[in-house]
Each structure stands twice: as C-alpha cells, then as structure tokens.
Amino acid sequence: MPLSNEKPDPSSTVPDTSPWIAFRHTAFTVVWIATVVANVGTWMYNAASGWLMTSLDANPLTVSLVQVASSLPMFLFALPAGALADTVDKRRFLIGCEIVLTIIAAASAVLVGLNLVTPPILLLFTFLLGAGAAFTAPAWQSVVPQLVPRQDLAAAVAGNGVGVNISRAIGPALGGAVIGGFGIAAPFWINALSNFAVIGALLWWRPASSQGSALPPERLAGAMVIGFRHARFNPKLRATLVRAAAFFFFASAYWALLPLVARNQIAGGPALYGILLGAIGVGAVIGAFILPWMKTTFGPNGLVAAGTAGTALSLILLGIARHAEIGLAACLIAGISWIGVLATVNVSVQVSLPDWVRGRGLAIFVTVFFGAMTAGSALWGQIASGLGLPTAHFLAAAGAVAGIALTWRWKLQTGAGIDLAPSMHWPSPVLAIEADADRGPVLITVEYRISAERREAFLVSIRDLEQQRRRDGAYSWDVFEDAAESERFLETFMVASWLEHLRQHQRVTNTDRAVQDAIRKFGAAAEPKVTHLIAANFRQTGLGTPSKQSLL
C-alpha cells in the first residue's frame, strides 16, 4: 500500500528508471563493466580490512573506525574534488587518480603480506584509499550525463546502482572465500589489480566534444565558494541533502557493526561476514529490478520513507540476530531499502543541478552522504561499546523512523518541469571602459517601472530572483524603491569580478528565464533597464586608494 498519494509526474524528464535502458549506449556499458570489476576488488578489500581489524583489535569502537576511516575522506575532500571536476578534464583527472589508487592499494597488499600491519597502519591505508575515492567520486558521478542522453539519466543512475550492488554481492563473499583459500593478503592484491579495468576503460572512452566556454576556467578556491553559495540558494538541492542526511546517519549503524554481529553475536567466521555483506548486495540488485515498480507505487518521497522503514526493520533484526538465517534476512531487507533510497536521492541531486556546477553539487551530496556515515559509524560504535550491540541497533532503528516524520516536508525532485539548459538570453554587456577579467566588484542594477496597483505582487514575485542571482554567483542582492519617483524600483546584485559576471551570463537556465520573463511582465509598459557598474581602479589614476573619510 502506498505511503502517500504522491504519484510520479508524467511530464517528468526522467520517466523510466529501468536500469537496462542505459545499456543501449556502448560507452555506458563499457565503463559500467569496468567499474563493476573494480568495485568487486574494493568490496573484497572492505571485507578483508574489516575482518583483519577484528583479529588485530576486537574492540567495537576500533572495528567501527574502519568504516570511519573509509567515510571520513569523503567528508573532508569531496568538495575540492567537485570543484576540480568542474574545472579540469574529467577523463584525464580520473585516469590520474586511478593510477595513484592502484599504487596505494598495492602498497597495502605488500604490508599485509609481510605481516607488518597494525591497527593504525590499516586505518591509515583505509583512509588513503578513501581519500582517492573521495577525489574521484564527484567526477565519476558528473560524467554519467556524458555517457547517456538526459532522458536515460535515471536509468543510468539505477544501472550504476545495480553495478555497485552486484559487486557488493560478489566481492565480500568472494573475499571471504579467498581469505580462507589464499590468506588475508590475497583480497588486498586483487583490489590493486582490479583498478586496471577502469584505467583501461577510461583510456578507451572518448567523450563527445562539446563547445566549451570561451571564458578561462574558475580558480579552485573561488569555485568552491561559488559551489557552496549555489547549494545554499538551490532549494531543490537542499531538500535532497536533508533527506539524505536523515537516512544515511542511521543506516550507517549496520555497515559499521556488521563485522561484530557476524563474529560475536552470531559466532561466525570470515565466510559468514562475506555472505552477510553479499546478502546486502543481492538485496540491492533485487531492489534495482523492482525499482520502477516501487517508484510508480510510492513516488520518490514515499519510496525514501519506505526504504527508511525497511532499514529500521533490518536494524531491529540485526539487533536480535543470534542465527545466520535472521542475519541474512536482515541484510536482504537492508539491501533492497538501500538501493531504493540511494537511487532516488541520487536522481534528485542530478536533476537539481545545471551542468556548470554539477561536480560541486554532487561533491556536496557526497560530503553530506559520507559525513553522515562517518558521524553515525563513530556514534554507533561508541554506543555498542558502552551499551552493547543490540541497543545500538535498536536506537538507530528508532532514530530512522523518527527521521521520516521530521524530514517529510523536504520534497525530492524528479526533473519534471525543470529545464537547466543554458538559456543564453542575456545580451553581452556594452563596454565604454577597460574591464579586466579580475576587476571588481561589479554592481549590476535592473530598473523596473511598476504601477502602484501591481507593487505588492511585484515585490512578492521578485524575491524568486534573489535565489537565482545568488545561486549563480552574486554575493549580495536587494530591491530599492525610489523615494523621489513613485513606481521606480531598482534591483541590485553584486559579484566579485567582471569575469564572474560574464560567467553568470552562461549560467542562466531556461527555467530561470521563465521566472525572469514573468517578473518583467509586471512592468510591461517599459523594458527593464540594466546597468553595469565596476569598482573604480584608483591606482590607475595615481591618486592611491581613497580613505574612508574621502568616501563619505
């Protein structure tokens, strides 16, 4: 039974979420196969490192720190990685990062093989590999729209979810078997070798050439600031981040504590731990198959609520599990719930972002995702140390259920009615003075003539422009009413430099244009007058920088 009356909008630009549609595109298929191979190695490493830590130090907090070391780099490094993804060639960037990751993975395998690993060393290498994943995650996600057309984006996201969870189903179980047959170092070596698959796929792939901007690329620090500002003033992205944080914080409990459930609570070995991790992957693959049905039945918001409720149920089952059968059932439910939530919030993020800031927006999503996972893993490990494994699971389940009600008002996006293609309708500014790229700040004014009877409606509607201007780079915005001349209003906003304003011209979307056109109709008798004012360069006059007194 649906959790709400919400139904998918038939006008959605991403109507079909069947993962198999994306495989019509050769580039997506090749990259997908390569990432599945690499992810199998990654999951083998994760299973082996978690199990190795239980042998080195079985304290619940120490074991949970493996998950913390894996997640924390995403929280720390994803945003600069997203800024890089928006300012450099994504393909070359990914190739370089994957080569570095291969070297780090091989070094960890050597140390494990020589029995030189201690808990701090294991956490260090887990952190370094997590850092590599953090630097590549935004770029990997932002190239998805280059592999498939927009109408197949949701299918590609679902297909990637299937790939991740196929590897999750195979990798841990294979890792447990390999440990038993070839020793603890074998999964570490397989992880290093598996990275050659993605390196080869990236060397093969040649993305279609696109007409890039004639403007120079953004600087890293400035790009990060603009990315933060965009996220702050993008309500659709903010809503998705809130829903994601509420889910991942509590779902992190079973990821962090599963090695201890397998070893201490069910009294199993590395094979059982691998099977339990694999069951999560199997559940996620099952969830990917039924994802179109779930979205049709529940809608995106209802599906996230249902996935959260399913996660709470799996946490309760893990809390009472004393036999492998209950643990397997819990992990299957967790996997189905995980893919339902993850695919839904991922699509919501993708369709909320224009191309120019996609890497940074996805990086902020990854930061929230792994920040919640990191904080949650540390908390649930600490609670398990003090109050026991069952209590930690039960508290996480209760929090997940409470989160459904507390975050319900933040709605997820499907792409319906949103056209984020650049409109390019702003005319090029007319210049009578020299305007260097870095000269600024720049004050832009837009003059409107609004009749008295339309004043209140105009002031309400023009507030929508504040989010647009700030989201695209403005750091201040306001509207002024002329005290000496009625019906004259002046919208003002400021950007850091002339170059940044030129970038604004390329960031305005077709959806933004519709809002701007609607506001202009309030003053239909006269076209708004746009003025550009650039901060005067006093050094060029030989007068020096003016004092505060001379500016008064």
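**Exercise 1. Describe the second largest pocket: which residues lie nearest its centre, and what lines it?**

Solution. Start with the lining: the second largest pocket is lined by 20 residues, and those nearest its centre are Trp426, Pro427, Arg520, Val530 and His532. Here a pocket is an open set of points on a 1 Å grid over the protein atoms alone, with protein on both sides within 12 Å along at least five of seven lines, while a cavity is a set of points where a 1.4 Å probe fits but cannot get out, and lining residues have an atom within 4 Å of a point. Next, assign the lining to secondary structure: β1 (442-449), α15 (455-471), α16 (498-507), α17 (510-520) and β4 (529-534) are the elements that give two or more residues to it. Helices (H or I, at least four residues) and strands (E, at least two) are DSSP runs numbered from the N terminus. The volume of this pocket is about 380 Å³, where a volume is the space filled by probe spheres set on grid points that are joined across faces, edges and corners. Finally, sort the lining by type, which gives 11 nonpolar, 7 polar and 2 charged residues; Ala, Val, Leu, Ile, Met, Phe, Trp, Tyr, Cys and Pro count as nonpolar, Asp, Glu, Lys and Arg as charged, and the others, Gly among them, as polar.

The model is predicted, and local features need pLDDT of at least 70, side-chain atom pairs count only at pLDDT 80 or more, and totals for chains, interfaces and linings use all residues. Residues are numbered from 1 along each chain as its sequence is written, and side-chain values use heavy atoms, with hydrogens and water left out.

**Exercise 2. State how many cavities of 30 Å³ or more the structure holds, and characterise the second largest cavity.**

Solution. The structure holds 4 cavities of 30 Å³ or more, and the second largest cavity has a volume of about 70 Å³. Its lining consists of Arg243, Ala246, Phe247, Val304, Ala305, Thr308, Ala400, Gly403, Ile404 and Thr407. At least two of these residues come from each of α9 (235-265), α11 (291-320) and α14 (389-406). By type, the lining of the second largest cavity divides into 6 nonpolar, 3 polar and 1 charged.

**Exercise 3. Explain why the chain is described as being as compact as a globular protein of its length.**

Solution. The chain contains 18 helices and 4 strands. Its radius of gyration is 26 Å, which is close to the 24 Å that the globule rule gives for 552 residues, so the chain is as compact as a globular protein of that length. The radius is taken over C-alpha atoms, and the rule is 2.2 Å times the number of residues to the power 0.38. Along its principal axes, the C-alpha trace spans about 85 × 55 × 50 Å. As for burial, 53% of the 552 residues count as buried, a class that means under 20% relative accessible area, with exposed over 50% and partly exposed in between (1.4 Å probe, protein chains only).

**Exercise 4. Is each of Thr126, Arg91 and Arg503 buried or exposed, and which residues does each touch?**

Solution. Thr126, in helix α4 (residues 119-142), is buried at a relative accessible area of 4%. Leaving aside neighbours within four places in sequence, Thr126 is in contact (heavy atoms within 4.5 Å) with Tyr45, Ser49, Val66, Ala69 and Ser70. Arg91 belongs to helix α3 (residues 90-113) and is buried at 13%; not counting residues up to four places away, Arg91 touches Leu202, Leu203, Trp205, Arg206 and Pro207. Arg503 sits in helix α16, one of the elements of the pocket lining in the first exercise, and is buried at 10%. With residues up to four places away again not counted, Arg503 touches Leu215, Pro216, Pro217 and Glu218.

**Exercise 5. Examine the backbone at Pro441, Asn115 and Glu487.**

Solution. Pro441 is in the loop between α14 and β1, and the peptide bond from Gly440 to Pro441 is cis, with omega near 5 degrees. Asn115, in the loop between α3 and α4, has a positive phi of about 60 degrees although it is not a glycine, and Asn115 counts as exposed at 67% relative accessibility. Glu487 lies in the loop between β2 (476-481) and β3 (488-495); its phi, near 75 degrees, is likewise positive in a residue other than glycine, and Glu487 is partly exposed at 39%.
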